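Student: I would like a close look at the salt bridges in this model, with the burial of each partner. Please add whatever can be said about the strands.

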Amino acid sequence: EEVRSTYYRELKRFITTPNKVGGIGDDALYKVLSKQSGPGFKTVFKRAEQLFHRLAKAAHQFKEWVVVGAVDIETLAQEHLKEAADWEANFRMIKSKGREAEKLPNQVKVDCILVSTTPVKNAIDDHIQRLFDALVNSLRKSINEHVRMIDAFVEKGMDALGMRPQSLDEIGEVNKKHAELSREKPTLKPMFEHAHMKNKLLKSVAGSGVDLNALQQRWDKFELMLDSHTLMVKEQVDVMRN
């Protein structure tokens with residue numbers, strides 16, 4: 001619209017030039033020129049609108065690049081990205097789009113109008129960077145959510161398995177909890193694998209990931225306690241008998 005306003009302002013200034021000319025003798029002669037050229041002005045303005053129509057078409061190639069600025073990227077990522085492969089595919093897409101954006105023209109010329117595309121190209125670069133940052137953040141959040149769920153399970157399991165039964169009733173209760181943990185564990189193991197896969201991807205794209213070492217150590221200790229539960233119960237039964 002700014003280009004349109006400038007164009008019509010300059011066009012009007014050009015058309016009204018005869019009205020400002022000071023001639024020798026009858027000045028009204030020059031003003032008559034503008035009136036007599038009225039029909040031709042219609043053609044001029046018609047062609048001007050055709051020019052701006054072509055200019056709008058030339059600008060259309062940039063619209064798909066800036067549409068990402070109008071959406072909530074983090075919400076979309078949370079809804080649609082689940083597996084490590086989902087994030088990996090989108091990171092590849094961003095890299096590809098970045099290369100394409102570099103090839104966009106720095107100027108667009110339509111007839112007598114030359115428009116610099118530097119501002120829109122800078123906006124496109126910002127959008128691509130925002131998309132990349134949003135993907136990194138959503139990937140990190142997904143890993144941390146895995147960590148939270150696994151850690152909660154491990155905490156509950158270690159509390160249950162760490163109790164030394166002092167009676168037959170307590171032995172029955174501990175055995176019941178051991179059976180529940182053994183049933184739930186297979187559902188947590190894949191989550192641990194997903195966390196490691198996502199963390200590997202995060203390190204490759206962001207340079208650093210989530211520290212999973214402490215969680216791995218707690219998980220290994222939990223598995224050891226789970227595997228040695230039967231022996232622990234047997235030892236406690238022997239102690240109770242003595």
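Tutor: E88 is partly exposed, at a relative accessible area of 39%. This is a predicted model, and every value below is computed from it. The side chain of E88 meets that of R92 in a salt bridge, at 3.7 Å from N to O. R92 is exposed, because its relative accessible area of 53% is over the 50% cut-off. Both residues belong to helix 6 (residues 84-102), where they sit 4 residues apart, about one turn of the helix. This pair is one of 9 salt bridges in the structure.

A second pair is formed by D151 and R218, whose closest N and O atoms are 3.0 Å apart. Here the bridge links distant parts of the chain: D151 is in helix 7 (residues 118-161), R218 is in helix 9 (residues 213-227), and 67 residues separate them. D151 has a relative accessible area of 28% and is partly exposed. R218, at 26% relative accessibility, also counts as partly exposed.

A further bridge joins E223 and K185, again with 3.0 Å between the closest N and O atoms. E223 lies in helix 9 and K185 in helix 8 (residues 168-206), so this bridge ties together parts of the chain that are 38 residues apart in sequence. How accessible is each of these two residues? E223 has a relative accessible area of 17%, and K185 has one of 19%. Buried means under 20%, so E223 counts as buried, and K185 does as well. As for networks, salt bridges with shared partners join D151, E155 and R218 into one.

Helix 7 also holds S142. S142 counts as buried, with a relative accessibility of 15%. Leaving aside residues up to four places away in sequence, S142 touches W87 and K198.

Now the strands. Strand 1 (residues 107-110) pairs with strand 2 (residues 113-116) in the antiparallel sense, over 4 bridges. One of the partnerships is that of Q107 with S116 in strand 2. The two strands form a hairpin with 2 residues between them. In the turn, D111 has a positive phi of about 55°.

Which side chains of strand 1 are buried, and which are not? V108 and V110 point to one face and are buried. Q107 and K109 point to the other face and are not buried. In a regular strand, side chains alternate between the two faces of the sheet. The side chains along strand 1 do alternate.

To return to the salt bridges: R92 and E88 both lie in helix 6, whereas the pair of D151 and R218 links helix 7 with helix 9. E223 and K185 are in helix 9 and helix 8.

Notes: Residues are numbered from 1 along each chain as its sequence is written. This is a predicted model: local features need pLDDT of at least 70, side-chain atom pairs count only at pLDDT 80 or more; totals for chains, interfaces and linings use all residues. Side-chain values use heavy atoms; hydrogens and water are left out. A salt bridge is a side-chain nitrogen of Lys or Arg within 4 Å of a carboxyl oxygen of Asp or Glu. Buried means under 20% relative accessible area, exposed over 50%, partly exposed in between (1.4 Å probe, protein chains only). Two strands pair if DSSP finds at least two bridges between them. Contact means heavy atoms within 4.5 Å.
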